Amino acid sequence: MVGRSAGTRLPVHTVFFGGGTPSLLSPGQFDPILRSLRLSFDIQDNAEVSIEANPGTISAGDLQRLRVLGINRLSFGVQSANTEELRMLERIHDFFEVIEAVRSARLAGFDNLNLDLIYGLPEQKLETWQTTLRRTFDLGSEHISAYALTLEHGTPFGRWSARGLMPSQDPDLAADMYEWASEELGSHGYSQYEISNWAQPGKECRHNLQYWRGLPYLAFGAGAHGYANGYRYSNVLRIKTYIDRLADSASTSLPFPLSPVTVNQHRQTAAEDQGEFMMTGLRLTRTGVSAAEFESRFGTSLPAAYGIQIDSLVSKGLLEWSSGRLRLTRHGRLLGNRVFVEFL
């Protein structure tokens, strides 16, 4: 439906199965999804096709079948090597299952693995975070993501924190954890290309780069968010409603990329696109935002659009110019949200 409304057979260079635990689907259920995508879009021969998985929820046999289907990148939600921290995070796996999952993935032929980690947990010690990262190095993944825990509304942690049932986080300690990890990851051959992401050469996540470069992406599935043809949009959250809307949509005609399952849509203004381009582009620690690309894309120069904000943030040591690119300084990476809000 979305593919037809585009008016042309769109080329696709990344496919990402994420959100929740998509690995709970069987390879037999992934097969028709992938066939439908190939019928509707021009999936490139060298496309990056990723799936998120929790260790302990996917078998060695399933990994082999997924690899045969064309999935070529795995992202495992490791989070921690510490049993108590995993229990706090309500994870059902332990680190031995992480080791087994990585081993099974290698035997299945996967040569592009990401391991997701979380730091800044309540009462977490620097030493336990260091142990987690060092044990992760032993697994030899091509990519590592490390995110500070955020207490979001509607999550168990958010509710516990609001009710005073959980110790408060220590932002200074979290900053120490981040800076130590940045140095240690660099010494182990991982290059930081985004605030929270490190990769071996050539193994950067191509799908996430699409977001951070402000380029279009399509949303399929309940609760998914997309950005294309000037629209930011999201799909209905309830799975049954999602299915019902598709079943009743035979005669529906909507502009690309919207569909009957779209529940929120917003036509972006030029100012909104510029601000979001700055926010996502500045997350890229090596490349930042190119002044030439900004002017080519929006028809105005960076100084003309944001000169006051840029000068202020440069004077505070949060941004720097390098070869025509505006980037976060090392200090600025710790205060990214303070920087981003200036452009939104």
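Visitor: Which backbone nitrogen lies 2.8 Å from a polar atom of the side chain of glutamate 142?
Guide: The model is predicted. In it, glutamate 142 sits in the loop between helix H6 (126-137) and strand S5 (143-148). A polar atom of its side chain lies 2.8 Å from a backbone nitrogen, that of leucine 113.

Visitor: With which side chain does the side chain of glutamate 142 make a polar contact?
Guide: Leaving aside neighbours within four places in sequence, the residues in contact with glutamate 142 include Asp111, Asn112, Tyr190, Trp198 and Lys203. Arg106 is also among them. The polar contact between side chains, at 3.0 Å, is with arginine 106.

Visitor: Is glutamate 142 buried or exposed?
Guide: Buried means under 20% relative accessible area. The relative accessible area of glutamate 142 is 9%. Because that value is under the cut-off, glutamate 142 counts as buried.

Visitor: How many residues apart are arginine 35 and aspartate 31?
Guide: The side chains of arginine 35 and aspartate 31 form a salt bridge, with N to O at 3.5 Å. Both residues belong to helix H2 (residues 27-40). About one turn of the helix lies between them, a spacing of 4 residues.

Visitor: What is the relative accessible area of aspartate 31?
Guide: Its salt-bridge partner, arginine 35, is partly exposed, at 46%. Aspartate 31 is partly exposed too. For aspartate 31 the relative accessible area is 28%.

Visitor: Which residue forms a salt bridge with arginine 103?
Guide: Arginine 103 lies in helix H5 (residues 95-107), and a residue 3 places away in that helix is separated from it by about one helical turn. Arginine 103 is partly exposed at 44% relative accessibility, and the other residue is partly exposed at 37%. The closest N and O atoms of the salt bridge are 2.8 Å apart, and the partner is glutamate 100.

Visitor: How many salt bridges does a search of the whole structure find?
Guide: One of them joins glutamate 320 and arginine 327, with N to O at 3.2 Å. Glutamate 320 is partly exposed, with a relative accessible area of 30%, and arginine 327 is partly exposed at 21%. Over the whole structure, the number of salt bridges is 11.

Visitor: Which residue in S7 is the bridge partner of glutamate 194?
Guide: Strands S6 (residues 191-194) and S7 (residues 197-199) run antiparallel and are joined by 3 bridges. A hairpin of 2 residues leads from S6 to S7. Opposite glutamate 194, the bridge partner in S7 is asparagine 197.

Visitor: Which helix gives the most to the largest nonpolar core?
Guide: The largest nonpolar core has 62 residues, and those with the most contacts inside it are Phe76, Met278, Leu282, Val339 and Phe343. The helix that gives the most to this core supplies 6 residues. That helix, residues 171-187, is H8.

Visitor: Which residues outside its sequence neighbours within four places is methionine 278 in contact with?
Guide: Methionine 278 is one of the residues with the most contacts inside the largest nonpolar core. Phe343, another residue in that group, is also in contact with methionine 278. Leaving aside neighbours within four places in sequence, the full list is Val289, Phe294, Leu302, Tyr306, Leu326 and Phe343.

Visitor: How many residues are in the second, separate core?
Guide: This core includes Ala199, Cys205, Trp212 and Leu284. Ala199 is also in contact with glutamate 142. The number of residues in the second core is 6.

Note on methods
Residues are numbered from 1 along each chain as its sequence is written. This is a predicted model: local features need pLDDT of at least 70, side-chain atom pairs count only at pLDDT 80 or more; totals for chains, interfaces and linings use all residues. Side-chain values use heavy atoms; hydrogens and water are left out. Buried means under 20% relative accessible area, exposed over 50%, partly exposed in between (1.4 Å probe, protein chains only). A polar contact is a pair of N or O atoms within 3.5 Å; within protein, one must be able to donate a hydrogen and the other to accept it, and residues adjacent in sequence count only if both atoms are side-chain atoms. Contact means heavy atoms within 4.5 Å. A salt bridge is a side-chain nitrogen of Lys or Arg within 4 Å of a carboxyl oxygen of Asp or Glu. Two strands pair if DSSP finds at least two bridges between them. A nonpolar core is a set of buried Ala, Val, Leu, Ile, Met, Phe, Trp, Tyr and Cys residues joined through side-chain atoms within 4.5 Å.
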